[in-house]
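Dear colleague,

I am handing over the structure shown below, together with an account of what was found in it. Please read the notes with the model open beside them.

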Amino acid sequence: ISISHRERTAFNPRPTGRVPVGITRRRMRTVVTGGAGFVGSHLVDVLMARGDEVIVIDNFFTGRKDNVAHHLDNPRFELIRHDVVQPILLEVDQIYHLACPASPVHYKYNPIKTIKTNVIGTLNMLGLAKRINARFLITSTSEVYGDPLEHPQKESYWGHVNPIGVRSCYDEGKRTAETLTMDYSRNEGVEVRIARIFNTYGPRMCLDDGRVVSNFVSQALRKQPMTIYGDGKQTRSFQYVSDLVDGLIALMEGEHIGPFNLGNPREFTMLELAQVVKETIDPNATTEFRRNTADDPQKRKPDISKAKQLLNWEPKIQLQDGLPRMALDFKNRILKEEQGDID
Ligand code: NAD
Ligand code: UDP
Ligand code: UDP
């Protein structure tokens, strides 16, 4: 067991309970697993800005220290290199459990590790939440719907998932993680929240993680053809990362367990996405077709009416506005890479 011990005296058993007028609210102590990754680091920025004490747990499989480097000198921030497959002892109020590779290329790289992270990692974080009476949020995925037969997908849809396919380590792993989360809620009284995240993009994504938005943007900036897999008529809905972070915090602070779909309901084919990249990043960008990967879902689009109604949340940033923000960050990093800096 790897133990990182933080000396704390008072422990507040009501993590987000209302504090009576006149009494100063104690600073929230928050853990973000996977906090050095793409989504996690943006979440950390918002939690730090609101004054939390933030502990990031990350094994740096796909995350980078660079993503949180701007907080390292802040006494409210702590970065722990740790693998969630191993138990850990901490004292906090809230746990955002994000640790898990999200890009198909990364999660298929070592599928057994992916399923261990999803199952044993989530079990450990739930065990931690139970012991310290912390509120726990899991970032599940639209992939729990598999190659969906219902369109758009509502939270009540049970999915169409191949249990023995190359994506199963991720989608079945996340389904089990959701099951564990609900069982700790029902049997152990842990306060839990479940987010089902749809494709998200933005600054700090890995440049070459194989996801479609990062691929197209990197390819356009490097003057390489954008690689369209299959006929390009499959669809996805792309959410800008700041919208997702707002949704995760609204969910954590709210009264509802979920699951909640968090995604942008505007649906694009990959051909249309390539067209938007052309319009917003480089009018001379070209495309080429490649064979598609196995088990690729044909359609994906969230029904977000539940999150709209119960969390008062909906995405604000559309692809045309989000892509240039991401391209700016990618341009800087590609430039650094070309100058020989290690990214
Ligand atoms: P990411 O790969 O950028 O971040 C994942 C982070 O978890 C990385 O920092 C990685 O180093 C860390 N990690 C992985 N395995 C770990 C382990 N065993 N122990 C400790 N740390 C570990 O991915 P992301 O896009 O930021 O995704 C964050 C979460 O959101 C994931 O749980 C993912 O499944 C979920 N999600 C993301 C998307 C999306 O489009 N980005 C969509 C659906 C769900
Ligand atoms: N766990 C952890 N930190 C804690 C408490 C528990 O990492 O502070 C791990 C623990 O090692 C176990 C898992 O969480 O593997 C589930 O814990 P729980 O107490 O629910 O189950 P048990 O230990 O009884 O199997
Ligand atoms: N895709 C593509 N070109 C690429 C990478 C992906 O056309 O360079 C397609 C892929 O086949 C899938 C969609 O884009 O249909 C989204 O893939 P991604 O890996 O981004 O996420 P997924 O939703 O499959 O997890």
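I95 is a convenient place to begin: leaving aside residues up to four places away in sequence, I95 touches V31, M125, L128, A129, A134, F136 and L137. Please bear in mind throughout that this is a predicted model.

The core

I95 belongs to the largest nonpolar core, which has 75 residues, and together with F136 it touches the most other members. The element that gives the most to this core is helix 6, residues 241-253, with 6 residues. As a general point, nonpolar side chains in soluble globular proteins tend to be buried together.

The annotated domain

An unreviewed UniProt entry carries the annotation "domain: NAD(P)-binding" for residues 32-326. In the model, this span is 37% helix and 17% strand, and its end C-alpha atoms lie 23 Å apart.

The surroundings of ligand 1

Around ligand 1 there are 30 residues, of which G34, G37, V39, T62 and G63 come nearest. By class, the shell around ligand 1 holds 14 nonpolar, 14 polar and 2 charged residues. Four elements each supply at least two residues of this shell: helix 1 (38-49), strand 2 (53-58), helix 3 (111-132) and strand 5 (135-141). Helix 1 provides the largest share, 3 residues.

The surroundings of ligand 3

Ligand 3 is surrounded by 15 residues, and the closest are R211, V212, N215, T227 and Y229. This shell divides into 5 nonpolar, 7 polar and 3 charged residues. Helix 5 (212-221) and strand 8 (226-229) each supply at least two residues of it, and the largest share, 3 residues, comes from strand 8.

Y229 also appears among the contacts of T293, which touches P104 and Y229 when residues up to four places away in sequence are not counted. T293 lies in the loop between strand 13 (287-290) and helix 8. T293 is partly exposed because 14 other C-beta atoms lie within 10 Å, where 20 or more would make a residue buried and 12 or fewer exposed. The C-alpha atoms of T293 and L244 are separated by 27 Å, and the two residues are 49 apart along the chain.

Backbone features to inspect

Most residues other than glycine have a negative phi, and most peptide bonds are trans. Against that background, four places deserve a look.

- H151 and P152 are joined by a cis peptide bond, with omega about -10°. P152 is placed in the loop between strand 5 and helix 4 (168-188).
- G258 and P259 are likewise joined by a cis peptide bond, with omega about 0°. P259 lies in the loop between helix 6 and strand 11 (260-262).
- F60 is not a glycine, although its phi is positive, at about 60°. F60 lies in the loop between strand 2 and strand 3 (77-81), and counts as partly exposed because it has 13 C-beta neighbours inside 10 Å.
- N312 is not a glycine either, and has a positive phi of about 55°. N312 is found in the loop between helix 8 (305-311) and helix 9 (319-338). With 9 C-beta neighbours inside 10 Å, N312 counts as exposed.

With kind regards

Note on methods. Residues numbered from 1 in each chain as written. Chains lettered and ligands numbered in written order. Predicted model: local features only at pLDDT ≥ 70, side-chain atom pairs only at ≥ 80, totals over all residues. Near = placed C-beta within 6 Å. Nonpolar A, V, L, I, M, F, W, Y, C, P; charged D, E, K, R; others polar. Core = buried A, V, L, I, M, F, W, Y, C linked by C-beta atoms within 7 Å. Contact = placed C-beta atoms within 7 Å. UniProt positions renumbered as here; feature names shortened; annotations may be inferred.
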